[in-house]
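Biologist: I'd like to go through this one with you, a bit at a time. Can you put it up so we can both look?
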Amino acid sequence: MSAALLELSHITQSFSKGERELKVLDNVSLSLAEGEVVGLLGKSGSGKSTLLRIIAGLIKPSSGSAVFNGSAVSQESLGISMVFQSFALFPWLTVLQNVELGLEALGVPDKEMRKRALEAIDLIGLDGYESAYPRELSGGMKQRVGFARALVVNPELLLMDEPFSALDVLTAETLKTDFLDLWIEKKIPLKSVLLVTHNIEEAVLMSDRILIFAANPGRIAAEIKIDLSHPRDRQSSAFTAMVEHIYTIMTSGMQRKDFSAARSAELTMHDKLPRVSPNQLAGLMEELAGSPYNGRADIPALDAALGIGTEDVLHLVEALRILKFAEVAEGDIHLSTHGQAFVDADTQKRKQIFAEHLLYNIPLAAYVYRVLQSRPGNHAPRVRFVTQLEDKMAEEDATEALAAVTSWGRYAELFAYDDNTENYSLENPSA
Ligand code: ADP
Ligand code: MG
């Protein structure tokens, strides 16, 4: 590794949301050296795609600089290519034409364009599909076209924005290993790769270094070197230990900061809430209480067993934690005595326990309940709460938090909500 290929210094990005500014990236600095794959790992909404768009010169950051090969990046910067999650192919063009498109902007003569496109197609395993149209291709093949189009210009830096997320597991596996082969065996003149993903295993499989992104605003929360030689064996203890280690960081430090930004342990009314359904929460508690977990589970193992996606699992874990139905430490979750009591209770008793936990532990739920109690007729329009929350929260976060509290409050029969009139009311005003 030698000089930095890409240098980001103090990048900040804000978007205006109505009258307010939403800060999406806060003081992000990073450099990419020649010869490395860097993974950028973070939950959705943390600003990863925005950062890639800045690097590609598609957005000018609010402040800070992005320098590639010694000059500020721009839309015209040569040497940077991008692969997207959605394949972004032109349906009316063949595979060959879609790949050639990558070269058209460079003013390459027709004959050479064809030659290079065919080489790229060959390299990425699309041989024989040159004249096929996108609709005739499987998702995996479409994404191969996406890779061919990005690689045909011989970029020095490849930006990948969750390129495997839309593919089924097996297809994604094959494409990951095929790409790693090209990279490791230096069959492509690429100098550096920045891979955005929310999949921890994928990041550990492919990266030399992982940057963990925290949200609201997006920033680098941790950096981890992955010193495992290729090809990496997912079953090896070093590999699984690394995955565990990253889970621990993401479930303890960063998650907490994410959802209860200001104070350390106590939630406030304006903190983000994970939007998960009461049924899923009940299901997870039952799962945890039963065999083989008997009240305690390793979160990565649980994630693998549930198969509903890491992000959803982390949200469920976080919800159980803030509701005090579970504790989370060092990558393990264990059911609290309250959680166990919930599992053991019948339906009516469960609702009662849930209502108590909402009132004691979730300030926004307690607040909605108090407002309803104090208002004549015991009802209030949704907009009343939204407006108040948006004073201190991004619009999306306010909507999400209120949606979470609404579904939990309805389940617990703490209050009712009418979707048509968008009104809250007390379930049982005499109580
Ligand atoms: P990620 O890729 O990590 O999921 P994004 O970078 O797509 O995150 O988005 C981060 C935040 O920035 C989101 O809240 C999104 O709504 C907001 N955002 C992204 N682009 C724009 C834009 N052009 N205008 C306003 N808000 C935007
Ligand atoms: Mg994204």
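Biologist: What phi does Lys324 take, just after α10?
Modeller: Lys324 takes a positive phi of about 65 degrees, just after helix α10, where helices (H or I, at least four residues) and strands (E, at least two) are DSSP runs numbered from the N terminus. Bear in mind that this is a predicted model, in which local features need pLDDT of at least 70, side-chain atom pairs count only at pLDDT 80 or more, and totals for chains, interfaces and linings use all residues. Residues are numbered from 1 along each chain as its sequence is written, chains are lettered from A and ligands numbered from 1 in the order in which they are written, and side-chain values use heavy atoms, with hydrogens and water left out.

Biologist: And α10 itself, how many of its residues are buried?
Modeller: In α10, 11 of the 13 residues are buried, meaning under 20% relative accessible area, with exposed over 50% and partly exposed in between (1.4 Å probe, protein chains only). The helix covers residues 310-322 and reaches 18 Å from its first C-alpha to its last, close to the 18 Å expected at 1.5 Å a residue, that expectation being 1.5 Å times one less than the number of residues.

Biologist: Why does Thr310 count as buried?
Modeller: Because its relative accessibility is 18%, Thr310 counts as buried. Leaving aside neighbours within four places in sequence, Thr310 is in contact with Tyr247 and Asp303, contact being heavy atoms within 4.5 Å.

Biologist: Switching to the sheet, what is the strand order?
Modeller: The open sheet of 3 strands runs β11-β13-β12 with antiparallel pairing, and two strands pair if DSSP finds at least two bridges between them. The edge strands, each pairing on one side only, are β11 (296-298) and β12 (326-329).

Biologist: Which helix packs on that sheet?
Modeller: Helix α9 (residues 299-306) does, touching β11, β12 and β13, with its direction at about 85 degrees to that of β11; axes are lines fitted to C-alpha atoms, for helices over the stretch in contact, and angles run from 0 to 180 degrees between N-to-C directions.

Biologist: Last topic, how many aromatic pairs turn up?
Modeller: A search of the whole structure finds 11, where rings of Phe, Tyr and Trp (its six-membered ring) pair if their centres lie within 6.5 Å, and planes under 30 degrees apart count as stacked, over 60 as edge-to-face and the rest as tilted. The rings of Phe385 and Tyr424 have centres 5.5 Å apart and planes at 90 degrees, so that pair is edge-to-face.
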